[in-house]
Amino acid sequence: MSEEQRVSSIETRGVAGKKRYAMVVDTRRCIGCMACQVACKAEYDTPLGVNRTWVPYKVVGKYPTVKKQFLPRLCNHCDDPPCVRNCPVDATYKVEDGGFVLQRYERCIGCRSCMAACPYNARFMLPAHRTYSSITRVVDKCTFCFHRVTQNMVPACVQTCVGRSRVFGDINDPNSEVSYLVARNPTQVLRPEEGTKPQVYYIGADRNATEFGRDAYHKPDVMELDRSAFKRNFKI
Amino acid sequence: MGDYVWFHDVSWHASYAIYFFVIGICSGLAFLSYGSWITPALRPLREKAAYLSFALLAVGGVLLIADLSQPMRFLNVLNPAYLNFTSPLAWGSLNIVAFGIASVLYLMALKKGDETPRTKLIATVTALLALGLPVYTGYDLTVHQSRPIWNTPVMPVLFVALAIASGSAVGSLVAGGNEAARKVLHQYLLWSTAAVGVILVSILGTTNYGGAASELTFVILTTGTMGLIFVGIGILAGTAAPVALLLAPVGHKQSGLMLSALLVLVGSAALRYALLMGPQQLQTLY
């Protein structure tokens, strides 16, 4: 991205001398094993009812030519993150070198302003009781595995992905795999119209999965049952 | 069928709508108390409106703090080392504190029976800070660019109109049989409620002509239970009906004004609830 195209001083993609980590998700290679979701849960002991990464799917087509369209989701670590702008106490911030959008748990007041600001539903409230952690009742999200990446490892979800659907790296480095994939493949980001400049790029994502579903018009009864059961059991 | 979706929770729950309602009345009453310095007919309301406004500020403050998942950390928003001025909540918290201090000074001056220009100046400052309350609550929603309905520049204006309408409604109930005050409040209530109606029509019109998210939000807000609350109670019973009543001869009588005031209060509560919750529903499906 050239200097001319950059409109916000917070953006670091294309800035010389700075890293800008990004993830490429090749949906053609995703088999829906949910291993990424499990690896993430194991890495962070994410409580029941909330997820840092999740893999929703839609069944598209008409019998007999039907298929499941998977769309692995996570925080997009936006280059111009609205959650950072909206936090009244600077509890959420962007790491300049690397572009990680992180959370200061000890500072978060739990106003949920960042949750409202996120167009991707990537943020969630931690429940009041957790077994192995004292971090409770604050907003949490995917960190791009900051603690692993700074130790020269890849995020847990990338490490475990059996189909190599998820690829992680520095998009500012022209020799990185993510740069190569973004340069050589048609990619898309989620909700580009919001101007957040997401750094999770999808290859082969289906419109049925990336756009607002028509479910809002005709919500199947089973969905409402699931939703009410979810609300009943997970008081988040 | 067979789709797997993850159910996301709404960010702000109904308790936030109650806060909007309470702080709107608080602000509207502060306007009335200040208005009594300019419009002599409102003089009997000056102290009552100021005390009631301060009491509602205390209630609103408690509601706002209780809504935080870490209520004991509410002082973080006043810590200069933490404050992030790109957030409307940061400005809002400073506005609330400043309004609270100004209200205390104003009440102390009123208690002394001080009717000097100095007290009028404090009343002016208090009213200006009161104006900031609905402006910041509206702005708090406006800044979320991914939410249809919220992300409209008129949202702070709508909240100001709602604050004047709800404050005038409570003022009408408090004024009772005072005919001079009733005439002024009748005008305040009529014009502010009509302004609410015009802004709502404008918001709904532009939303219906928007993209997929706007279109779906329009559907959510105008059908089903949310449609009953927003259109039925908020627009028809809480905006159109009181305007019609206030324009009719019966609206000039005490009973008509009081009925209109009650309708406006119920309607403005419903509108705040629907405007807060409706645009969040679609996002839970994404």
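Reader: So how many residues of chain A are in contact with chain B here?
Author: In this predicted model, 40 residues of chain A are in contact with 38 residues of chain B.

Reader: And which elements of chain A supply residues to that side?
Author: At least two residues each come from β2 (57-62), α2 (82-86), α3 (113-117) and α8 (221-233) of chain A, and the largest share, four residues, is that of α3(A).

Reader: What sort of residues are they, nonpolar, polar or charged?
Author: On the side of chain A that touches chain B there are 23 nonpolar residues, six polar ones and 11 charged ones.

Reader: Switching to the sheet in chain A, what is the order of its strands?
Author: It is an open sheet of four strands with mixed pairing, and the order runs β8-β1-β10-β9; β8 (166-170) and β9 (187-188) are the edge strands, each of them pairing on one side only.

Reader: Which helix packs on that sheet?
Author: That is helix α6 (residues 177-184) of chain A, which touches β1, β8, β9 and β10 of chain A and whose direction makes about 110° with that of β8(A).

Reader: In which sense do β1 and β10 of chain A pair?
Author: Strand β1 (residues 21-26) and strand β10 (residues 200-203) of chain A pair in the parallel sense over four bridges, and Val24(A) in this sheet stands opposite Tyr201(A) in β10(A).

Reader: Over in chain B, how do α1 and α5 cross?
Author: The axes of α1 (residues 14-35) and α5 (residues 155-175) of chain B cross at roughly 70° and come within 7 Å, so α1(B) and α5(B) are roughly perpendicular to each other.

Reader: What residues make up that contact?
Author: The contact of α1(B) with α5(B) divides into nine nonpolar, seven polar and no charged residues, including Phe31(B) in α1(B) and Phe159(B) in α5(B).

Definitions and conventions: Residues numbered from 1 in each chain as written. Chains lettered and ligands numbered in written order. Predicted model: local features only at pLDDT ≥ 70, side-chain atom pairs only at ≥ 80, totals over all residues. Pairing = 2+ DSSP bridges. Contact = placed C-beta atoms within 7 Å. Axes fitted to C-alpha atoms, helices over the stretch in contact; angles between N-to-C directions. Nonpolar A, V, L, I, M, F, W, Y, C, P; charged D, E, K, R; others polar. Parallel < 35°, antiparallel > 145°, perpendicular 65-115°, else oblique.
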